[in-house]
Amino acid sequence: MELPFNLNGLISNLPVNSPYTADCFIYNHTLYPFFTAFLPSKRAEEVKRLMLEENGGSKVYGKAGILGSRLPLNEYMKFCPKCLEEDTAQYGEGYWHRIHQVPFVMACPLHKILLYDSTVLVRGHNPQAYIPANSDNCIIRDIPNYKPETIEKFVHIAKDVQNLLENGFPNKPFAWFAKQYVEKFKELGYANINGRVYWDDLIQDFKDFYGEEFLNAMQSNIEDKSQGQWIREVTHSDAKAMHPNRHLLLARFLELSLDTLFNKEICYKPFGEGPWLCLNPAADHFLEPVIKDVEIKYRRRNKNTNGFFRCFCGFEYMETVTREQGKRGTGQRRFVRVVKYGRVWEEKVLELINEGVSDEEIAVRLNADVRKIMGFRDNRDKDGRDKGEGGKETEIIETLDSSIDFIVKRQKYRDEWLQVVRENPDKGRVGLRRLANYTSTWLCKYDKDWWEENTPKKKYVQADSTIDWETRDKEILQCVKQTVQEILESDEKPQRISLRLIKTKSGLKSFDLQLDKLPLTKSFINSVIENPMDLHKRRIQWAIDKLNEEGKALTVTNITAMTGVGNKYRKQVVEEIKRVLGELVER
Ligand SMILES: [Zn+2]
Ligand SMILES: [Zn+2]
């Protein structure tokens, strides 16, 4: 059943009209589909040829790469007690299930329980004799105890093996798999864009993902670097044969389905598929996908990958994917910087200046810092017509902590709001909000500073002396409490709760927050303000929730990558993470 040989001999001894062919035997009743799954087709063919030959013998195992792997084969036929019970009830006798005989299949994928060794040898007994599985040779004995989560992993691997046995995936060259793995490393942040692998992180996460007990059972534990050598070998450009089980371990760790691994060529694209959007608000093709090429540069210093997007209108921007983000950054905000504004943009600035539009409004309309516009105006006044172009070409002028989708949305709401404000000069904040409720709510949530600056100010008609501070204290306390609640409930990466943050998030002015006159508010604020470790604790909890949500492993590396921590608190934070993870395990 394992990798038998002399199958031609067997077939020729069967009755003339027997439905069995050698291929049928090989594919459906031997471990050939398992052992040859990760071999190039030529080599798989040779294994098959040896299985047909009379003298194939142990050459089969060498050809299949099993000897080279130095991983053991099963000594005894294995069985699942539940399968045996059900088979006996149904057919009157048990039979050996192929899936149970695969090396390192430790559990029955159907019943999710551990397999037992029978007393029947896989090799060495009389090959002509057929021995059915029965209660004499299938005896339940003491076997090692495993943790439930380890057994669960055994079941996963057993299902992967079943998938290999049953679905006839196409054979591929060794280099195919190596490339698939490395591209996936890039996607997950285990390798840089040039394919340089961060082995320490990778191996640590691999160990955390499977756990020691499981890896010991798989004889794939990595206690030092040399034992992780197989991962290096299987991902090297001149990779050789590797035990199929190890391919399965690596693929599962990388969240690669077998279908993807065999059938879909992975090509890591940190910036997705082109064409990409032009982000020049002055161009008539603003936010249209007109940029066909991206130049990708890797920065060794901070391990960031930068993409440079140059549009024919002269506008150029740079987008950054940090190492931690990799593909995980999808959907999150990414960093976009304007590298060069270009001719079209500069002409538009001129046009607006000539129309008498204020620097502030130009800055908003053209999505730039007001200082840039002011500098531009100064330059022109000083040096005449041609100075505007060129100048600070490659300087990074503005940083937008935003994704493109976010910029698109923000621009739309800003435009809408400016229009409402322009068309209703007599209305105050409340009146304006009523006219464009959704727009103002969105802006207050995501673009508060801008909203504050571009909305007529509240007018305080009351003089300080006539203010009823007691009532005000209660009102402001309500507002502050709500703001803190919102901060705590936010899905975003936690920010430290400080007076400044409360002020920004609530929109309260310094005038509103004269804490000396607001005893209730003051004591509340003092009670909620966080020190750096408070913040880190909240970030750790946040990171754990996020990782859980995304089904990622809860490891110290993963968590610190998300929370971010400077050197000063690193040690404390790592200890805290370990403590929290410890608690989780106990529960
Ligand atoms: Zn079973
Ligand atoms: Zn453009």
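Here are some worked exercises on the chain shown above.

A bit of housekeeping: residues are numbered from 1 along each chain as its sequence is written, while chains are lettered from A and ligands numbered from 1 in the order in which they are written. This is a predicted model, so local features need pLDDT of at least 70, side-chain atom pairs count only at pLDDT 80 or more, and totals for chains, interfaces and linings use all residues.

**Exercise 1: Confidence**

Work out where in the protein chain confidence is lowest and where it is highest.

*Solution.*
- Start with the score: pLDDT is the predictor's confidence in each residue, from 0 to 100.
- Next, take the whole protein chain: its mean pLDDT is 81, and 84% of its residues reach 70 or more.
- Now go element by element, using helices (H or I, at least four residues) and strands (E, at least two) as DSSP runs, numbered from the N terminus. Strand E9 (residues 398-400) comes out lowest at a mean of 44, and helix H14 (residues 258-263) highest at 95.
- Finally, look for low stretches. Residues 327-333 stay under 50, and the model gives them 10 contacts beyond four places in sequence. Residues 459-463 also stay under 50, with 2 such contacts. Two residues are in contact if their C-beta atoms, placed from the backbone, lie within 7 Å.

**Exercise 2: The chain as a whole**

Find how many helices and strands the protein chain has, and what share of its residues count as buried.

*Solution.*
- Count the elements: there are 27 helices and 9 strands.
- Set the burial rule: a residue is buried if 20 or more other C-beta atoms lie within 10 Å of its own, exposed if 12 or fewer, and partly exposed in between, with C-beta atoms placed from the backbone.
- Apply that rule, and 28% of the 587 residues count as buried.
- As for contacts, take those between residues at least 6 apart in sequence: 63% of them join residues at least 24 apart.

**Exercise 3: E5, E6 and E7**

Trace how strand E6 is joined to strands E5 and E7.

*Solution.*
- The pairing test is simple: two strands pair if DSSP finds at least two bridges between them.
- On one side, E5 (residues 294-299) and E6 (residues 304-310) run antiparallel, joined by 6 bridges. Tyr298 has Thr305 as its bridge partner in E6, and Val294 stands opposite Phe309.
- The E5-E6 hairpin has 4 residues between the strands, and Lys303 takes a positive phi near 60 degrees.
- Then comes E7 (residues 316-321), antiparallel to E6 and joined to it by 6 bridges. Here Gly307 partners Glu319.
- The E6-E7 hairpin has 5 residues between its strands, and Gly314 in the turn has a positive phi of about 95 degrees.

**Exercise 4: Two helices, two faces**

Which residues of H4 and of H25 are buried, and how are they arranged around each helix?

*Solution.*
- Check the lengths against the expected span, which is 1.5 Å times one less than the number of residues.
- Helix H4 (residues 41-52) has 12 residues and reaches 17 Å from first C-alpha to last, close to the expected 16 Å.
- Its buried residues are Val47, Lys48, Leu50 and Met51. Seen down the axis of H4, these fall within an arc of 160 degrees, so they line one face of the helix. The arc is that of the directions from the helix axis to the C-beta atoms.
- The other side of H4 has Ser41, Lys42 and Arg49, which are exposed.
- Helix H25 (residues 532-549) has 18 residues and should span 26 Å; its end C-alpha atoms are 25 Å apart, which agrees.
- In H25, His536, Arg539, Ile540 and Ala543 are buried. Their arc is within 110 degrees, so they too line one face.
- Turned away from that buried side are the exposed residues Asp545, Asn548 and Glu549. Just after H25, Gly551 takes a positive phi of about 70 degrees.

**Exercise 5: Three single residues**

Decide whether Met242, Lys340 and Glu212 are buried, exposed or partly exposed.

*Solution.*
- Met242 lies in the loop between helix H12 (229-235) and helix H13 (244-253). It counts as buried because it has 23 C-beta neighbours inside 10 Å. Leu39 is 203 residues away along the chain, yet the two C-alpha atoms are separated by 8.6 Å.
- Lys340 belongs to strand E8 (residues 335-340). With 22 other C-beta atoms within 10 Å, Lys340 is buried.
- Glu212 sits in helix H11 (residues 212-217). Having 13 other C-beta atoms within 10 Å, Glu212 is partly exposed.
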